[in-house]
Amino acid sequence: MWSLLLQLLVSSSPVVSYGPCTYPNSCWPSASAWSSLNRTLQGGLVRSRPPAAPCHDDFLNVTACDEVKQNWLHEFWRSEQPGAYQDLAWENGDSYCNINNPQNQTCSQGLVPIYMAQVKSTADVQAAVVFARDHGLSTRVKGAAHDYLGRSSGNGTFGIQTTKLSGIEFDDSFKPTGAGRNTLAQTAVHVAAGEHWYYVNKAASEHGVVVVSGASYSVGAAGGWILGGGHSSLSPQYGLGVDNVLQFEIVTPDGKLRTVNQFQNKDLFWALRGGGHGFGVVTTVTYKTHPAITAISAIFINATFTNPSYHGFLMTALTLQPTMAAHNFSGYMYPYPTNFLGLLFVHNSADLAGANATLQPLYDFAASETSQGRPAQVQMLSYVLTDYTQIFPEDPSTISEPGIGVSSILGSRLAPVTAFEGERAETMANFIENTPGTTILHLVSGGQVSTVAEDATAVHPSWRRATHHIVISAGWDTTTPLAFRDVIRQQLTNKTQELAALVPGFGSYNNEADYNEPNWKEAFWGSNYPRLKSIKATIDPRGLFTCHHCVGDE
Ligand SMILES: Cc1cc2nc3c(=O)[nH]c(=O)nc-3n(C[C@H](O)[C@H](O)[C@H](O)COP(=O)(O)OP(=O)(O)OC[C@H]3O[C@@H](n4cnc5c(N)ncnc54)[C@H](O)[C@@H]3O)c2cc1C
């Protein structure tokens with residue numbers, strides 16, 4: 001009975017595939033057409049499969065399987081593999097091909113594109129896009145493969161993998177192509193689509209500058225992060241990623257390489273800054289650079305308490321948010337029932353004493369709880385970092401970030417500082433306490449982000465009014481029955497909508513959002529959506545690059 005129910009659920013699961021032509025339909029190109037593309041790409045076309053395929057009978061290769069097992073949780077390795085994704089939910093879908101499954105179990109294709117063009121140059125990108133155009137293929141772009149909404153994979157699709165497009169070049173007097181004589185040159189860095197933030201930050205440090213970058217060192221530096229908006233602990237000081245882009249190079253669905261900036265292809269420049277998944281293959285992003293940061297007050301908090309103190313501790317932390325925002329804090333906070341973690345920064349400041357004074361209510365609360373017989377303490381490590389790269393690990397090859405090689409899903413809302421004031425703080429605390437899974441409070445907006453006009457870029461206008469980005473999460477493992485996964489997904493969607501009701505008028509950051517967000521156009525882009533849709537119709541009229549809840553996925 002149980003297995004019959006599971007089978008029914010499998011067969012009724014929605015097939016994740018968009019765009020005109022998918023495998024195995026008759027429109028799918030012949031073997032000789034694929035061979036021809038492979039010759040053009042000089043052997044760069046791969047019949048892609050889930051990475052655990054060599055551990056299963058149909059594709060068994062013991063040596064390759066050992067390598068897969070060793071690297072299973074390693075994000076840079078996953079990024080390089082043609083068939084691997086960081087989040088297994090978007091590699092396998094609901095049919096797992098896992099290193100721990102029995103060897104004789106079938107390893108199905110899952111959501112991994114059928115063929116992956118591993119492009120090494122702009123000419124390769126153009127050849128792959130022209131091939132997709134001529135055959136009308138449903139096409140996915142795969143960068144560092146960190147997506148939370150499955151937008152770089154898809155059942156029966158053709159993939160273009162950018163990780164072999166490398167290059168980080170500094171330019172101390174950059175002027176966008178087409179700029180007039182009077183345009184002032186500025187310092188910039190050209191980042192190729194295959195680069196990860198870790199290496200860009202390192203290179204920037206060596207060059208004596210800073211680039212606004214994501215918190216994760218393995219997220220793509222010129223891929224999904226920037227196309228969706230790109231938040232950073234540096235954002236309150238220097239704006240979102242999209243506020244720091246000077247130029248894109250992109251191969252659009254017609255196969256043309258276009259230089260896109262505020263002087264030419266202006267509509268596309270606007271769209272790529274926040275609504276940009278599904279407009280083609282970006283090959284290079286040029287970012288502004290900022291003078292090196294030589295002092296960061298970095299405070300790592302681990303507050304521990306007994307469960308009865310949870311509500312009080314949470315309330316103290318939440319009501320402190322407006323003060324923290326006003327004192328130029330940024331960072332990430334994780335409220336759990338028995339502890340509260342905070343990775344907090346005040347950039348361009350060596351005033352550790354001042355930063356600690358701002359956090360005094362947390363220490364006072366812990367002392368008061370302890371004195372009343374409920375042991376609580378705030379352990380705190382604080383440093384003045386002298387270089388932005390010190391935020392990141394020294395040797396990423398030895399570390400695996402949380403969330404890699406597992407299945408996790410998110411829901412989110414942006415929030416203004418007023419969401420933590422007065423009675424609203426109590427409501428927010430109750431919401432967090434009653435939400436299963438990890439909640440993350442990102443203090444990554446406000447400040448400089450709020451000085452940009454709501455329609456200046458394509459990101460949801462409420463980014464310009466928000467101080468926080470609140471993320472809730474859920475997940476499952478390979479043993480969780482399909483029916484339970486659906487329950488977990490539904491629960492996350494319900495909770496996300498509950499969160500939305502607490503911050504009316506505020507959107508969801510499309511890169512860290514609920515796959516099943518009901519009013520996704522409004523939630524991800526708000527009043528910017530109609531313009532985005534019309535630009536998409538012009539650039540990609542046949543929907544080659546359509547993906548789930550990307551612009552045009554009506
Ligand atoms: C551990 C972790 C930490 C994160 N931290 C942050 C953070 O600090 N700040 C933040 O803002 N976000 C963060 N994110 C979210 C992140 O921005 C998104 O997951 C983003 O989509 C990842 O982009 P990617 O290129 O790495 O992934 P991919 O899965 O390769 O791509 C994501 C999307 O971008 C498209 N894409 C990728 N490259 C190109 C290209 N060259 N041209 C056209 N389209 C392309 C893909 O088709 C897909 O739609 C984090 C995610 C994870 C998993």
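**Helix packing around a four-stranded sheet**

Helix 5 lies across strand 2, strand 3 and strand 4, and runs at about 170 degrees to strand 4. The model described here is predicted.

The sheet beneath this contact is open and has 4 strands. Their order is 1-2-4-3, and the pairing is mixed. Strand 1 (45–47) and strand 3 (139–142) form the edges, each pairing on one side only. From one strand to the next, the twist averages 25 degrees. Helix 2 also packs on the sheet. Helix 2 touches strand 1, strand 2 (115–118) and strand 4, and its direction makes about 135 degrees with that of strand 1.

Strands of a sheet pair through backbone hydrogen bonds, in either a parallel or an antiparallel manner. Strand 3 and strand 4 (residues 158–161) run parallel and are joined by 4 bridges. In this region K142 stands opposite Q161 of strand 4.

The two helices that touch the sheet also meet each other. Two packed helices are described by the angle between their axes and by the distance between those axes. For helix 2 (residues 31–40) and helix 5 (residues 122–135), the angle is about 165 degrees and the axes are 10 Å apart. Angles over 145 degrees count as roughly antiparallel, so helix 2 and helix 5 are roughly antiparallel to each other. The crossing of helix 2 past helix 5 is right-handed. Helix 2 contributes A33, W34, L37 and T40 to the contact. Helix 5 contributes D124, A127, A128, F131 and H135. By class, the residues of this contact comprise 6 nonpolar, 2 polar and 1 charged.

A second helix pair occurs later in the chain. Helix 14 (residues 423–433) and helix 15 (residues 482–502) cross at roughly 175 degrees, and their axes come within 11 Å. Helix 14 is therefore roughly antiparallel to helix 15. On the helix 14 side, the contact involves R424, T427, M428 and F431. These meet K495, E498, L499 and L502 of helix 15. The contact of helix 14 with helix 15 divides into 4 nonpolar, 1 polar and 3 charged residues.

An annotation from the record covers part of the chain. In an unreviewed entry, UniProt lists residues 109–292 as "domain: FAD-binding PCMH-type". In the model, this span is 23% helix and 27% strand. The C-alpha atoms at the ends of residues 109–292 lie 46 Å apart.

How values were computed:
Residues are numbered from 1 along each chain as its sequence is written. This is a predicted model: local features need pLDDT of at least 70, side-chain atom pairs count only at pLDDT 80 or more; totals for chains, interfaces and linings use all residues. Side-chain values use heavy atoms; hydrogens and water are left out. Axes are lines fitted to C-alpha atoms, for helices over the stretch in contact, and angles run from 0 to 180 degrees between N-to-C directions. Helices (H or I, at least four residues) and strands (E, at least two) are DSSP runs, numbered from the N terminus. Angles under 35 degrees count as roughly parallel, over 145 as roughly antiparallel, 65 to 115 as roughly perpendicular and the rest as oblique. A crossing is left-handed if the near helix is turned anticlockwise from the far one by less than a right angle, and right-handed if clockwise. Contact means heavy atoms within 4.5 Å. Ala, Val, Leu, Ile, Met, Phe, Trp, Tyr, Cys and Pro count as nonpolar, Asp, Glu, Lys and Arg as charged, and the others, Gly among them, as polar. UniProt positions are given in the numbering used here, feature names are shortened, and annotations may be inferred rather than shown by experiment. Two strands pair if DSSP finds at least two bridges between them.
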